[in-house]
Amino acid sequence: MKNTFKAVPVTEDVWWVGAIDWNIRDFHGYQTRRGSTYNAYLILTDTVTLIDTVKAPFREEMMARIASVIDPGKIDYIVSNHSEMDHSGSLPEVIAAVNPKKVFASAVGAKTLKELFSIDREITAVKDGETLSLGNRTLTFLETRMLHWPDSMFSYLNEEELLFSQDAFGMHYASLERFADESDPAILAYEAATYYANIILPYSPLVLKLIERVTAAGLSFRTIAPDHGPIWRKETGGIIGNYAKWAAQKPEAKAVVVYATMWHSTEMMARAISEGLAAGGLHVKLMSMDEVHRSDVVYELLGAGALAVGSPTLNNHLLPNMADILTYLTGLKPRNLIGAAFGSSSAPLSAPTAGAGRR
Ligand code: FEO
């Protein structure tokens with residue numbers, strides 16, 4: 001069959017050679033309604049370099065995109081910015097197929113890749129701030145530990161002021177538009193925020209430090225090329241500004257009321273609490289765990305100043321869908337929220353109407 005997978009030029013020397021996952025709907029607990037992309041990039045300079053790979057089942061798509069611009073056997077270097085399997089799953093097979101001169105990763109990344117895949121060759125560990133000559137271009141590596149794994153790093157193509165930012169500044173959004181400036185701004189705003197809330201939020205203090213660091217170093221970014229979703233070019237300040245805002249978690253006049261309910265008693269309480277908060281001047285988002293996904297709740301909490309959670313008692317515990325969101329939030333560690341809990345544990349306040357079941 002004719003190869004329809006083509007590389008997409010990002011700059012004169014850099015090509016997108018990733019894969020589009022139209023069907024993924026769950027990303028470790030985060031509902032990805034619009035699918036995702038696994039972005040990999042080819043730098044066609046004196047030393048041909050591949051930045052990251054793709055999730056294992058998408059290897060052939062990536063190799064076909066590479067082959068649309070160069071013989072994959074001509075790849076000299078592979079840089080692994082992040083060893084989570086959505087970016088490294090195909091790495092062992094790509095290494096075997098391409099036999100690059102060198103493979104680079106952070107020190108933790110080199111160790112992680114060896115452990116994950118038993119890769120039988122040297123992976124060169126690079127240090128924070130180290131540079132790598134690609135002949136007529138230079139890469140600088142920036143360690144970004146915990147964004148989103150301990151191994152994570154950015155690679156910066158100095159001459160083009162292009163940042164390969166792996167998970168950071170990305171979003172789960174499958175589309176045929178490769179650039180943010182070609183995409184629907186409303187979708188970008190929603191998906192970038194949802195991604196931040198569900199993936200990056202616990203590392204917000206590190207995001208603030210990173211922004212401070214690159215600002216102090218005077219680095220500028222003409223292009224930000226993340227490992228998921230559209231590439232930011234033309235205008236990169238907006239997404240960086242949003243990261244600074246989301247990471248600060250400055251509370252606004254907004255409350256999120258989340259509830260699970262059995263026979264409507266807790267629902268009635270949730271509605272009364274919401275009316276009261278709104279009457280007090282807050283913007284209120286009322287969310288039933290029977291109707292929303294945990295990812296939606298976390299999205300709404302970006303910028304909120306208060307969270308009230310409610311559940312009835314079931315067998316001396318919470319309803320399972322309330323336990324679900326509370327467990328998720330424990331890991332994501334949202335900050336600067338005033339918290340409140342409410343619930344019911346006795347007979348229903350009013351008899352359920354005909355046809356009404358558990359809600
Ligand atoms: Fe897209 Fe942390 O992997």
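# Reading helices, domains and hollows

Reader: This is a predicted model, so let's begin with something easy to check. How far apart are the end C-alpha atoms of helix α8 (residues 265-279), and what span should its residues give?

Author: The idea is to set a helix's span against its residue count. Helix α8 has 15 residues, which at 1.5 Å a residue should span 21 Å, and its end C-alpha atoms are 21 Å apart, so the two agree.

Reader: Which residues of α8 are buried?

Author: Look for the side of the helix that is turned away from solvent. In α8 the buried residues are Ser265, Thr266, Glu267, Ala270 and Ser274. They pack against four strands: β17 (254-259), β18 (283-288), β19 (306-310) and β20 (338-342).

Reader: And what phi does Gly281 take, just after α8?

Author: The phi of Gly281 is positive, about 105°.

Reader: Let me step back to the whole chain. How many helices and strands does it have?

Author: Count ten helices and 20 strands. The C-alpha trace spans about 75 × 45 × 35 Å along its principal axes. Of the 359 residues, 54% count as buried. For contacts between residues at least 6 apart in sequence, 70% join residues at least 24 apart.

Reader: Where do the domains fall?

Author: Domain 1 covers 8-248 and domain 2 covers 254-342. To read a pair of domains, take the distance between centres together with the contacts across the boundary. Here the C-alpha centres lie 35 Å apart, and 15 residues of domain 1 are in contact with 13 residues of domain 2.

Reader: Now the hollows. Why does the largest pocket lie between the domains?

Author: Check who supplies the lining. Domain 1 and domain 2 both give residues to the largest pocket, so it lies between them. Its volume is about 260 Å³. The lining residues are Ala193, Asn242, Lys245, Trp246, Gln249, Lys250, Glu252, Lys254, Tyr299, Leu302 and Gly303. Helix α7 (residues 237-248) gives the most, with three residues.

Reader: How many nonpolar, polar and charged residues are in that lining?

Author: Sorting a lining by class is a quick way to describe its chemistry. For the largest pocket the tally is four nonpolar, three polar and four charged.

Reader: How much space lies in the second largest pocket?

Author: About 220 Å³. There are 16 lining residues, and the closest to the centre of this pocket are Ala180, Leu188, Trp232, Glu235 and Ile239. The elements giving two or more residues to the lining are α5 (185-200) and α7. By class, the lining of the second largest pocket has eight nonpolar residues, four polar and four charged.

Reader: What about cavities: how many are there of 30 Å³ or more?

Author: The structure holds four. With a cavity, ask the same things as for a pocket: how much space, and who lines it. The largest cavity has about 70 Å³ of space, and its lining is made of Phe154, Leu163, Phe169, Leu210, Ile211, Val214, Phe221 and Ile240. Here helix α6 (residues 204-216) gives the most, with three residues. By class, that lining has eight nonpolar residues, with no polar and no charged ones.

Reader: And which residues line the second largest cavity?

Author: Leu201, Gln249, Leu301, Leu302, Gly303, Ala304, Pro334, Arg335 and Leu337 do. About 60 Å³ of space lies inside. In this lining, six residues are nonpolar, two polar and one charged. You can spot Gln249, Leu302 and Gly303 in the lining of the largest pocket too.

Reader: Let's finish with single residues. Is Leu42 buried or exposed?

Author: Read the relative accessible area against the cut-off: under 20% counts as buried. Leu42 has 0%, so it is buried. Leu42 is found in strand β7 (residues 41-43). Setting aside neighbours within four places in sequence, Leu42 is in contact with Asp13, Val14, Trp15, Val17, Val48, Thr49, Leu50, Ile66, Val69, Ile70 and Ile75. For a sense of scale, the C-alpha atoms of Leu42 and Leu319 are separated by 49 Å, with their positions 277 residues apart along the chain.

Reader: Asp13 is among those contacts. Where is Asp13 placed?

Author: Asp13 is in the loop between β1 (8-9) and β2 (14-16). A loop residue can be buried too, and Asp13 is, with a relative accessible area of 10%. Outside the neighbours within four places in sequence, Asp13 is in contact with Leu42, Ile43, Leu44, Thr45, Arg137 and Glu160.

How values were computed: Residues are numbered from 1 along each chain as its sequence is written. This is a predicted model: local features need pLDDT of at least 70, side-chain atom pairs count only at pLDDT 80 or more; totals for chains, interfaces and linings use all residues. Side-chain values use heavy atoms; hydrogens and water are left out. On a 1 Å grid over the protein atoms alone, a cavity is a set of points where a 1.4 Å probe fits but cannot get out, and a pocket is an open set with protein on both sides within 12 Å along at least five of seven lines; lining residues have an atom within 4 Å of a point. Grid points are joined across faces, edges and corners, and a volume is the space filled by probe spheres set on the points. Ala, Val, Leu, Ile, Met, Phe, Trp, Tyr, Cys and Pro count as nonpolar, Asp, Glu, Lys and Arg as charged, and the others, Gly among them, as polar. Domain bounds come from an automatic or database domain assignment. Buried means under 20% relative accessible area, exposed over 50%, partly exposed in between (1.4 Å probe, protein chains only). Contact means heavy atoms within 4.5 Å. The expected span of a helix is 1.5 Å times one less than its number of residues.
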